[in-house]
Amino acid sequence: MQPANTEDRAIASPDISDLYHLASQLEHDRDLSLAQLRQRDREIGRSCVETADDWQRVQHWLQSVDPQSQRRPEWASRANPAVLLNLLALCAGFAAMAGLLLGSANALVNVLFWLLVFVGLQGLLMVGSLLVLLQLLWGRVPPASPVQPIRFVLRRRWPDARALREAQPLLRLLFLRHGQALGALFAAGAAAAFLVLPAVDNYGFVWGSTYPLSDPFMQALVDALAWPWQSLLPSATIAPELLSSSRYHAALQLLDVERLERMRGWWGFLMLCLLVYSLLPRVLLYLLSRALYRRQLLASLLSYPGVERVLARMQAPLVATGAAPEAAITGPGKSGAAEPGVDTAPVAWPRALLLEVAGAFGEQAPASYEELADGQPAQRAGIAGSDLATDRRTLAALPLGDIDRLYLAVKGWEPPVAELADLLEPLFSIPQCSVLLVPLPGRPLPHRKVEDWRLFARAMPFQAVDVQLLNPVVIS
């Protein structure tokens, strides 16, 4: 039976739930042998050989190894928190505008306060959002941790500094995904209220301030705001007569019916201000954020620890060999290429660096460990830890601008030392680090050693860091 076409099964855009699903599946794969993983992933890779996109390959792999997880129950779709947030944002915008209109004394709305809330304040928020989007557009994509921040709330635990740092990219992705949509819906709700309420009740619009604002200053302000539409919709501009007659001093003036009627002429101008300066920019920011969200999330998914090995196994050639089926367990120095029935060449992982500390691999080859058997970083360097001047020159010569992932191979049976963290300081600009604990040949690493390295790794200021215990390739 032929597998389904990848394009028919792929989802148009990734979601945060894919990150949680991916992390769970990679954790489950730790219980499988390298031979099983290679055989399974290569078979899955053969069903999508025409797919050039890495995310489509990963998504096809996820759906193939665990198809049931892709089927969301109907209740989950109905109770989507994003839908509830969107409804709340829409209602909040309607309520904010309604509160301002209904709370105005004698149904006289202060134009300056209205512009301050629905144009000035919204403009400042949009400028801040735009700066964040530009930083994401020009900067590196930070790796996202699959830890759900809401779990800290439910467990009533305050996360430590490392957990907060690793949760920031995920929170940034969520803000990028929903923040602009909520802002646009808030503006849409405010526009709906400003359309409905003045239609069912009479509101006048006045301007006045404790600051000495002159008529020429206000005329220049409203003319500048109305510039985008003054030639197309001259009726939605403010004439000098309207501006002069709508200046309001509560202690000095009594307003007749005719003057109140003229004051309603501000409505078209204010509505277009709301649409042009609040709603339209929010919609544009939302479209930009959608594109950046996809880019950010794709990069975070593909940089998650273990994904590079899945892609390497899916794309590696599968060639039958003549090895005897009763082959015994290899020594740690033998490569996984000698596995019966499989002959693979390690794939070079771009923008990745393998840094070996104090000859951690010894006489063994990196490919003799399962985590590096199917793929290895494209760049490799070594530091001895004894000659600090030489090690610093070695690290200074590295093209850090071309490296997004550091694989730090250390002797797992030795305790971490503070000097190593000081030596690695030039590399802290790399977003993601994986500490590879190399075991002694034929001897497992004690749990306390692993915990020592885990505490050491979490103290390093990388944006994301994980600890991986290397396992020698075993042939059965």
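Here are three short exercises, with worked solutions, on the predicted model shown above.

**Exercise 1. Classify the ring pair formed by Phe194 and Trp267, and say which helices the pair links.**

Solution. Start with the total: the model has 11 aromatic pairs. For Phe194 and Trp267, the ring centres are 6.0 Å apart and the planes meet at 15 degrees. Planes under 30 degrees apart count as stacked, so this pair is stacked. Next, place the partners: Phe194 sits in helix α9 and Trp267 in helix α13 (residues 266–302), so the pair, 73 residues apart, links distant parts of the chain. Finally, look at the wider setting: Phe194 and Trp267 belong to one aromatic cluster with Trp114, Phe118 and Phe205.

**Exercise 2. Decide whether Phe194 and Trp267 are each buried or partly exposed.**

Solution. Recall the cut-off first: buried means under 20% relative accessible area. Phe194 has 0%, so Phe194 is buried. Trp267 has 27%, so Trp267 is partly exposed. For a second pair, take Trp266 and Phe269, which are edge-to-face with 5.8 Å between centres and 75 degrees between planes. Both of these residues are buried, and they lie three residues apart in helix α13, about one turn of the helix.

**Exercise 3. Locate Ser368 and find what its side chain reaches.**

Solution. Begin with the position: Ser368 is in the loop between β3 (347–357) and α15 (370–373). Then check exposure: at a relative accessible area of 1%, Ser368 is buried. Last, follow the side chain of Ser368, which reaches the backbone oxygen of Ala365 at 2.5 Å.

Conventions. Residues are numbered from 1 along each chain as its sequence is written. This is a predicted model: local features need pLDDT of at least 70, side-chain atom pairs count only at pLDDT 80 or more; totals for chains, interfaces and linings use all residues. Side-chain values use heavy atoms; hydrogens and water are left out. Helices (H or I, at least four residues) and strands (E, at least two) are DSSP runs, numbered from the N terminus. Buried means under 20% relative accessible area, exposed over 50%, partly exposed in between (1.4 Å probe, protein chains only). A polar contact is a pair of N or O atoms within 3.5 Å; within protein, one must be able to donate a hydrogen and the other to accept it, and residues adjacent in sequence count only if both atoms are side-chain atoms. Rings of Phe, Tyr and Trp (its six-membered ring) pair if their centres lie within 6.5 Å; planes under 30 degrees apart count as stacked, over 60 as edge-to-face and the rest as tilted.
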